[in-house]
Amino acid sequence: MSVSRRGFLRGTVLPFSGTVIAARGMEAYQAEAAQERNGRSLVPPGVTEIRISSNENPLGPGKAVLDAILGKFPEAGRYPFNSTPNDGALTSAIAAKFKIKPENVVLGGGSQEILKNAVRAFTTPSRGLVTGAPSFENCPGVAKKLGHPIKEIKVDSMFRLDLEPMIDAAKGAGLVFLNNPNNPTATVHGAKVVADFVSRVRQSSPDTVILIDEAYHDYVTDPSYQSAIPLALDTANVFVTRTFSKAYGMAGMRVGYAIGRAETLKPLEKLRMPYNISVFSVAAAIAALGDAKHIAAERERNTKVRAFTIKALDEFGCKAADSQANFLFVDVGRPTKEFREACAKQGVVVGRDFPPFEKTHARISIGTMDEMQKSAAVFRNVLRPVATSTGAPIEEGSWR
Amino acid sequence: MALTRRGFVQAAGIGAAGAFAHSCIGARGRENAVWSAVEPTLHAIESGVIVLASNENPLGPGVRVLNAVKAAFGESGRAPGRYSNAGRDLIDAIAKKQGVKPENVVLGCGSTQILRSATHLFTAKDKPLVGTIPTYEECAGYAEMMGHPVRPVALDANFKIDLDKFADASKDAGLVFYCNPNNPTATYVGAGATREYFARVNRESPETTILVDEAYYDYVTDPDHDTHIPIAVENPRIIVARTFSKAYGMAGLRMGYAIGHKDTIKKMADWDGGTGTGSLNVLAIHAGIAAIQQDASFTAEERARNRAVRDFTMHWFAERGMKPTDSQANFMFVHIGRPAKAFRDACRKKGIAVARDFPPFEKTHCRLSFGTMEEMKKAVAVFGEVLAKKANAA
């Protein structure tokens, strides 16, 4: 490396000094990219946009992570297995966090790579996928491409994954996708309920693999909830996925992972894209794992803004399912599309349709307090004076 | 705080990596029986080691690209946390640079994803993969993992693709992996002869798809050099793979792409990849845009720099009676008259990392990537010491 190149690198490896604001998500990206390609944006030109459509940490990854990325500039040209530390060090850091062995961890380009490969590895034309309706659509999307059967089980009246019919549906299935908390409904099942679910599926269908996606783990405040990671390490054919895209604020960096018994994870390790985590993302994720305070602060912030938003919507007559995540599933009493388009005209972009609730519910991600205060004013404009789904009109001013 | 954090990162890495390194070997898709097996550089590289093992650009991506990465943080540092639709912009930039339409381009997590997608889509239990032996192992590793047959074809006496033999072997193949320049042998088949080979396979085996890996395209100095992109966009049976990992110096960022007929590209995008949402990161996308928008002097300078280092290193070996193949890439394949492993281990002890085994030549040949001139001058001093010892003593 030439002297001048080194000089440049030294010059750039400075702490990042800006205020850190927002991070966004994949699903919005897909919807919005499709829109932009078709030449139409829902937000009128000149209107400032608040994007609360993709369940991201609105503060982004934080300074420690940005500094870690800058620190890797001299190794941008090295393969991840040649960098210092190499990609194996991220696996080791994750293993150390959970006090497990590296063989119990598989890295993914976001947890989406793991979800995709789980469907490829564990379902077949005769052994299908079981998932909730609505739940995160990645797994059924992949199964559809493969032509493998899908059973979608509608959530219960509390918008929780309906476990009894899922247990029935799991008989002979290849893979069960259990999203806990569930996206888009934001509800969670407690640790005992999940353990009971796992044991009953194991009893009635021992060859079925159970994927418990804990993408929103860090946002849960319900004391009955606990991670299923210990369960996965104790139980064959069960594994947990986690991601750096949500509370860690690193959606653009594409890092997720699976945890489970080595023999359960083996097919995922085989299908993993070689060198799938960039040198920058390896360093970013290791730095993020070392910054536990960042996550605690993010949970606290989210809990506060979530409570504000739930209350504001409640005052407009809109009930939200019990949110244990960084988003709300709200009865807006009208088609999602109508609500979404009306909000977008005023600069607020909310989540897409989630059948079978696309006629009544919207998914609203939790932004910053400032963003949610502005959004609440927009929701108020949009929601009044139209009737709620219960038929009761909201009187003007009652939102206060 | 920043310094502390970096200190933590380095400490965590060096402490942990060595213990783990062995367990991720299985992930690389290389444990196939026919092509070679293990990547020795999986063991963490201590700082100060000269890495001549992985055909990287030792200078990295350069100032413009790194500035683009930093700019991609956004004014308030939020962009690394966002999913971005900039993958579309990268596709547009690549299309503009290569003179094709966006519908002819699909992005991948390095060209690795491209190679895997093509192997997945175009081989089957009754449609083998054809490749030279040795060649880059990704396609063969994936095919074997899927239980699809692989058909290896020996190189000619000059370690080049033997086109007649290769065309015969290509009959009824699902996919031909045509790596040109070929990794690890560094040899190159001219554009004219390659086009004749394509025409023959299209005629004799019209259902066979040919994946032309032009990873080392920018390093070729042979006068009969040309890309096969213009053929690929017209011919649904030909795909060109490119990567930002070599001359563009971005191996750490994981970005590659394929160019082909729109129907073929659509198949690949539908299976895996596409606009870059699934596996590509936002910093790599912005780095890619900055890299491809640089004027041609960037790759021209890198080609000239590499050529000078290549001439120096090849000359050093030839003077000592060790004949390298005709390298048209940023690495060389040289007859060292002893097992690659013995040479590799001895070099590593002296702070030089060289490449893995490449069967069937692992008893005699070694692949060496070219570092900077300064690095190669230090490296040949080490090679001199190591090679001075009798081969059978190793």
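Reader: Which residues of α8(A) are buried, and what makes them count as such?

Author: In this predicted model, the buried residues of α8(A) are Val194(A), Phe197(A), Val198(A) and Val201(A). A residue is given that label if 20 or more other C-beta atoms lie within 10 Å of its own, so each of these four residues of α8(A) reaches that cut-off.

Reader: How do you know that these residues lie on the same side of α8(A)?

Author: The buried residues cover an arc of only 95 degrees around the axis, and therefore they sit on the same side of α8(A). An α-helix has 3.6 residues a turn, so residues three or four places apart point the same way.

Reader: What covers the buried residues of α8(A), and which residues are exposed on the other side?

Author: The cover over the buried residues of α8(A) includes the helices α7 (163-170) and α9 (229-234) of chain A, together with the strands β5 (175-179), β6 (209-213) and β7 (238-243) of chain A. On the other side of α8(A), the exposed residues are Lys192(A), Ser199(A) and Gln203(A).

Reader: How does the span of α8(A) compare with the expected one?

Author: Helix α8 of chain A, residues 191-204, has 14 residues and reaches 20 Å from its first C-alpha to its last, which is close to the 20 Å expected at 1.5 Å a residue.

Reader: Why is Asp207(A) called buried or exposed, and where does Asp207(A) lie?

Author: Asp207(A) lies in the loop between α8 and β6 of chain A. Asp207(A) has 12 C-beta neighbours inside 10 Å, and the label exposed applies at 12 or fewer, so Asp207(A) counts as exposed. Between Asp207(A) and Glu103(A) there are 21 Å in space, C-alpha to C-alpha, and the two are 104 residues apart in sequence.

Reader: Why is Val150(B) called buried or exposed?

Author: Val150(B), which has its place in strand β4 (residues 150-154) of chain B, has 24 C-beta neighbours inside 10 Å. The cut-off for a buried residue is 20 or more, so Val150(B) counts as buried. The C-alpha atoms of Val150(B) and Ala118(B) are separated by 14 Å, the two residues being 32 residues apart along the chain.

Reader: Into which domains is chain A divided, and what makes up the contact between them?

Author: The domain assignment of chain A gives domain 1 (7-63 + 292-383) and domain 2 (80-289), and their centres, taken over C-alpha atoms, are separated by 24 Å. In the contact, 31 residues of domain 1 of chain A meet 27 residues of domain 2 of chain A. On the side of domain 1 of chain A that touches domain 2 of chain A, α12 (292-315) and β9 (327-331) of chain A each supply at least two residues, and the largest share, five residues, comes from α12(A). By class, that side of domain 1 of chain A has 14 nonpolar, 11 polar and six charged residues.

Reader: Which domains does chain B have, and how many residues does each bring to the contact?

Author: Chain B is divided into domain 1 (17-61 + 297-393) and domain 2 (63-293), with 33 residues from domain 1 of chain B and 36 residues from domain 2 of chain B taking part in the contact. On the side of domain 1 of chain B that touches domain 2 of chain B, α11 (297-319) and β9 (331-335) of chain B each supply at least two residues, and α11(B) gives the largest share, five residues.

Technical notes
Residues are numbered from 1 along each chain as its sequence is written. Chains are lettered from A and ligands numbered from 1 in the order in which they are written. This is a predicted model: local features need pLDDT of at least 70, side-chain atom pairs count only at pLDDT 80 or more; totals for chains, interfaces and linings use all residues. Domain bounds come from an automatic or database domain assignment. Two residues are in contact if their C-beta atoms, placed from the backbone, lie within 7 Å. The expected span of a helix is 1.5 Å times one less than its number of residues. The arc is that of the directions from the helix axis to the C-beta atoms. Ala, Val, Leu, Ile, Met, Phe, Trp, Tyr, Cys and Pro count as nonpolar, Asp, Glu, Lys and Arg as charged, and the others, Gly among them, as polar.
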